[in-house]
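Trainee: Hey, I've just opened this one and I'm a bit lost. Can you walk me through the ring pairs?

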Protein chains: 4
Amino acid sequence: MIYFNNDYAEGCHEKVLQALNETNLVQTPGYGEDDYCRRAGEKIRALCAAPEAAVHFLVGGTQANLTVIDAALRPHQGALCAVSGHINVHETGAVEATGHKVLTVPSDDGKITAAQVAAVVEAHRADASFEHTVQPKLVYISNPTELGTLYTLAELEELSKVCHGLGLYLFLDGARLGYGLAAKGNDVTMPDLARLCDVFYIGGTKVGALFGEAVVIPNPVLAEDFRYLIKQHGGMLAKGRLLGVQFDALMSDGLYFEIAARADALADRLRDTMAELGVPFLVPGVTNQLFPILPDSVLDTLSEQYVFCEQQRVDETHRAVRFCTSWATREAHVEALCRDLRRLLVGQF
Amino acid sequence: MIYFNNDYAEGCHEKVLQALNETNLVQTPGYGEDDYCRRAGEKIRALCAAPEAAVHFLVGGTQANLTVIDAALRPHQGALCAVSGHINVHETGAVEATGHKVLTVPSDDGKITAAQVAAVVEAHRADASFEHTVQPKLVYISNPTELGTLYTLAELEELSKVCHGLGLYLFLDGARLGYGLAAKGNDVTMPDLARLCDVFYIGGTKVGALFGEAVVIPNPVLAEDFRYLIKQHGGMLAKGRLLGVQFDALMSDGLYFEIAARADALADRLRDTMAELGVPFLVPGVTNQLFPILPDSVLDTLSEQYVFCEQQRVDETHRAVRFCTSWATREAHVEALCRDLRRLLVGQF
Amino acid sequence: MIYFNNDYAEGCHEKVLQALNETNLVQTPGYGEDDYCRRAGEKIRALCAAPEAAVHFLVGGTQANLTVIDAALRPHQGALCAVSGHINVHETGAVEATGHKVLTVPSDDGKITAAQVAAVVEAHRADASFEHTVQPKLVYISNPTELGTLYTLAELEELSKVCHGLGLYLFLDGARLGYGLAAKGNDVTMPDLARLCDVFYIGGTKVGALFGEAVVIPNPVLAEDFRYLIKQHGGMLAKGRLLGVQFDALMSDGLYFEIAARADALADRLRDTMAELGVPFLVPGVTNQLFPILPDSVLDTLSEQYVFCEQQRVDETHRAVRFCTSWATREAHVEALCRDLRRLLVGQF
Amino acid sequence: MIYFNNDYAEGCHEKVLQALNETNLVQTPGYGEDDYCRRAGEKIRALCAAPEAAVHFLVGGTQANLTVIDAALRPHQGALCAVSGHINVHETGAVEATGHKVLTVPSDDGKITAAQVAAVVEAHRADASFEHTVQPKLVYISNPTELGTLYTLAELEELSKVCHGLGLYLFLDGARLGYGLAAKGNDVTMPDLARLCDVFYIGGTKVGALFGEAVVIPNPVLAEDFRYLIKQHGGMLAKGRLLGVQFDALMSDGLYFEIAARADALADRLRDTMAELGVPFLVPGVTNQLFPILPDSVLDTLSEQYVFCEQQRVDETHRAVRFCTSWATREAHVEALCRDLRRLLVGQF
């Protein structure tokens, strides 16, 4: 079977593995207070043009989300996101388990607009019984979103302006950030993120690392005492250096961006093939995730050789599914899939 | 500098690293539902003679502690432990952050007795306003303890009997379990643990793995829906197979026990040398941790070459410190330290 | 100004006040362990034909909701309700503050159907990544709902059957229960509630008491250790007898039902007058709450003399508002309002 | 039976009851936004000489404690108190249920010293792994304490200075504040409390009200958004005016202080009688609580007519018990008890 179902089916990029091998027997202090973490942090600050930002390394995305949100909010405050936001639908209520409601706005493409944020906050403030409702205090967005879509720089600028104008924090979940930054047409850079967000993270788990996310906190208010919260939520690795070593490797010589660009290019090849064959998409996309709508019969045949992800039923004979490429995707597999799609789909649309 | 301050200063044992290297590009399902995890689980169940026990792999000790305790308790219930218990003193209130009070009993050696448990529970039940106090429902012990001491089989049998007689769960934190099982004079086995505890874990982070603890749950009540709780607390690795691969390696051919025995033997060598020189210990021990009481002047000299851990001041000129060996400790380092101790300590005690 | 905005603008019914006066200097044990509470509990059990049900008295609705839900759920479980459910929109995230997500289904009339519950639970169970989402375990309904609508006995039977068939608890928030039971056309009785729900409460605050809700727990699983949870959430009054005295008075000689029936009759008079004048309603209703849609100009005039509650804007010149009657509403005020409505509305619809 | 076991065995003072009767049918806005609450708040601010302080009315002590502490702390912070502090021993883990550890220092008399606070904070800051432990951020004291002892002004000044010097909040639980302020030898005033504490409360439940505590928040940082937290924790009464009416009555014409002084005088009479008879006390006291150590045989005889509270066994034939007076204690009962004590105790000590 060939796995296109997600971007975490393999271990890590060979250069990351090499770094882990080479440093394996070096003795370091624990809990992320080692030189590898320090060096990786420096590289990230430089890439973000944010010399004052705090950088912390966490093991995974849910852990990063719950720790950041718990650190940012007082008990009566909530996190606002698209109804499809990962924290709302796929983290077993991790944010609620820290005591905070996830507030949602509708979204078809996984994105949320500045106007939506403003409307929610203004409605809250105008409500005569506002103290009986959760106060929106942090806006959670993912970029790329759970549907593989991307924010433009103009959209992020607008979101940031509205959030800060209203006294809210802007938090960007970058579990797949590399695939977004490297995507065709993307106009957002790391320094933009550091300038516009109060906190965001650079996903490693899905972009070349064994595991790990680098949380960048440009807003010093959110950075205060952050390591206590990492520890409290069980996120402080005794061998914190494992994350430093990996991010040090990924952030060296543009590796992170190079492997993301390659995955995006392979996704584009799949996307172009499908488009050419007339396949409609649930949402248009430019990153490493594709959501084509295909006939059940075609999917049945494909599933004999390929693993993909069920997204949703569209009509009685079609469903939307997810195909992902990643840093580890082999070109030969993409070519095989393109070939099979051509064979199965000619004349279907 | 030579690090004797803890047992997590290096990466992982070479066989674990080799397994990670060899499996790196194999594609697997995510979230611990892969064959490596399945196989490691089977090996652990076999070693425990507990064919029905649930086995889950978590990233670290604090995470294991908070997830197990949160899974086990209703809101008004608390976890009872020695005042020196890791959950009480060194996890930034992780258990309290899940809503539960940590109840403590005094202890000089890090251990807790069946009589202490019985007394606390009986006092709670006899209290006229018992509903105004937290109900003790789970007993947390660590073995080896935070002070390197060990429970005997008889003590564990008694604790288990009292807990179960009173309707409490017995939870054993085995962050350093290997060093305990392999220690001279230990009479406890893995099947004993599975028979006597409701839940316990086999520490990997400190005993040869890069990271990871294997939580074993013989009591099916505690096993129910456990994966939801792992996910909710941010402990479910996308690449769960990393933990399976590591524990599969550690549990093969007795590797886990062999490397623990080697570390214990090196600790014994240090311990014997100190004893011979008349050095008193804060607590007597048989595992990989030593807590000698040494003159400040000696510690000052040692600290130029060795890293160790401050434990507590004993009097105006002496303090207790911690030296640890581990799977990675080099024999030459132990010999050098013994030599230096002899040189510095002759005639001191 | 005349207050029609809610059903808690006054203190308590004269008979309740009289009971508080008469018992004021009697000495009793604290924390609800007195004879008044015992007697009130007995009367409620008798009215419910539920001799084994636990009865506890809490101070208010939000407190009752959060305590019951926290007592019922494990950490990964959530409460399912209509999107308009009080716990979802008007309790400042009280349920989330206990760690649990509120899961919602759409609803126009404040009610939720058995089919909706079944669909949510089945979708959860069929989801390949079900452990990444919150497990629905309790269904929260309010009766009357926040929109003044009522469940029929058939609907409750169906909900109860589906919940219990799927292993979920059914929890009924009866903050305005009296006004529901006494409403024209209602076919649900107290014994029905005790038979069909796992837990429900009889609202006192809005139906004649100074404050207080009587939580009835027919399901013994949910009753276990409930007093600990009341205390933990700050809901255990030192002078618990205050609640016992009040419910003892309300449950004597049919007082609770009699004063509710009177309020419903006054609401019917308003409702009939409006209907006669052609006023449309946001939702049809039979209890003490009315949600007429009125022209802004009429509302402006009315607001000079009457206090009512804003509900929502309907179009550019009309909005829906809420009028409430209560046990304390004076007939003369209803008549005055009817008169003013006739004067202002003739020819408007 | 005559109840001396606590200070909440009756309802409320007649003037409070009268105020509730007189205002019963007045219509007011809900949730504490009425004129009674406003007026009571003004009176309290005036008595405290704290024109800017926020004043909120809560139903009971545990609720006040958990709401204040949850409002004040970030997730990794804890509340420091005497080991006998009410939040540590008698609130079913209410503070932990909001996610915060209660940190304790030893105390024989229920009090905590500035030196103890300084030592704990300095030890935390000096700890190399301080981020692995809970950060002390708020000091909780009760005055009078749970043992009936009182802080002197000098002690409070010192505590306040140390707390503020170290960046901690000082929170005073005044569940029995009246009995403290009115006690012989007390040198603390309401303006002192407002000047020295960041937040404190004036207990009503035990000092003349049916129920209710007035939380005074001189520190504006702690006052921010406080009403959201009251609502979230189920502490916002729909008929908030009930608390306003009661505190308005208690704070008028010195009623609160007058009834407290009377109770203290009756306690003094008991205390003097016992002292005269040679009875030793567990702790010396000046407020409405007494903790005499009496022979079991005497206690057995007394218990046929009087209800008192068990405190602790002192030796094989003696135990310490608690007698309380209150605003409601009848002089005749005190005289009867003195008489019986004389009869039973002559020649015993």
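Mentor: Sure. Rings of Phe, Tyr and Trp (its six-membered ring) pair if their centres lie within 6.5 Å; planes under 30 degrees apart count as stacked, over 60 as edge-to-face and the rest as tilted. This is a predicted model, where local features need pLDDT of at least 70 and side-chain atom pairs count only at pLDDT 80 or more, while totals for chains, interfaces and linings use all residues. Residues are numbered from 1 along each chain as its sequence is written, chains are lettered from A and ligands numbered from 1 in the order in which they are written, and side-chain values use heavy atoms, with hydrogens and water left out.

Trainee: OK, so how many aromatic pairs does the structure hold over all chains?

Mentor: There are 38 over all chains. One of them joins B:Tyr256 and B:Phe257, an edge-to-face pair with 5.3 Å centre to centre and 85° between the planes.

Trainee: Is B:Tyr256 buried or exposed?

Mentor: B:Tyr256 is buried, at 0% relative accessibility. Buried means under 20% relative accessible area, exposed over 50%, partly exposed in between (1.4 Å probe, protein chains only). B:Phe257 has 24%, so this ring is partly exposed.

Trainee: And what about C:Phe4 and C:Tyr306?

Mentor: That pair is tilted, because the ring centres are 6.1 Å apart and the planes are at 40°. The two residues are 302 residues apart, so to speak linking distant parts of the chain. 

Trainee: Are those two buried or exposed?

Mentor: C:Phe4 is buried at 0%, and C:Tyr306 is buried at 2%.

Trainee: Switching to chain A, which residues form one aromatic cluster?

Mentor: A:Phe4, A:Tyr306, A:Phe308 and A:Phe323.

Conventions: Helices (H or I, at least four residues) and strands (E, at least two) are DSSP runs, numbered from the N terminus.
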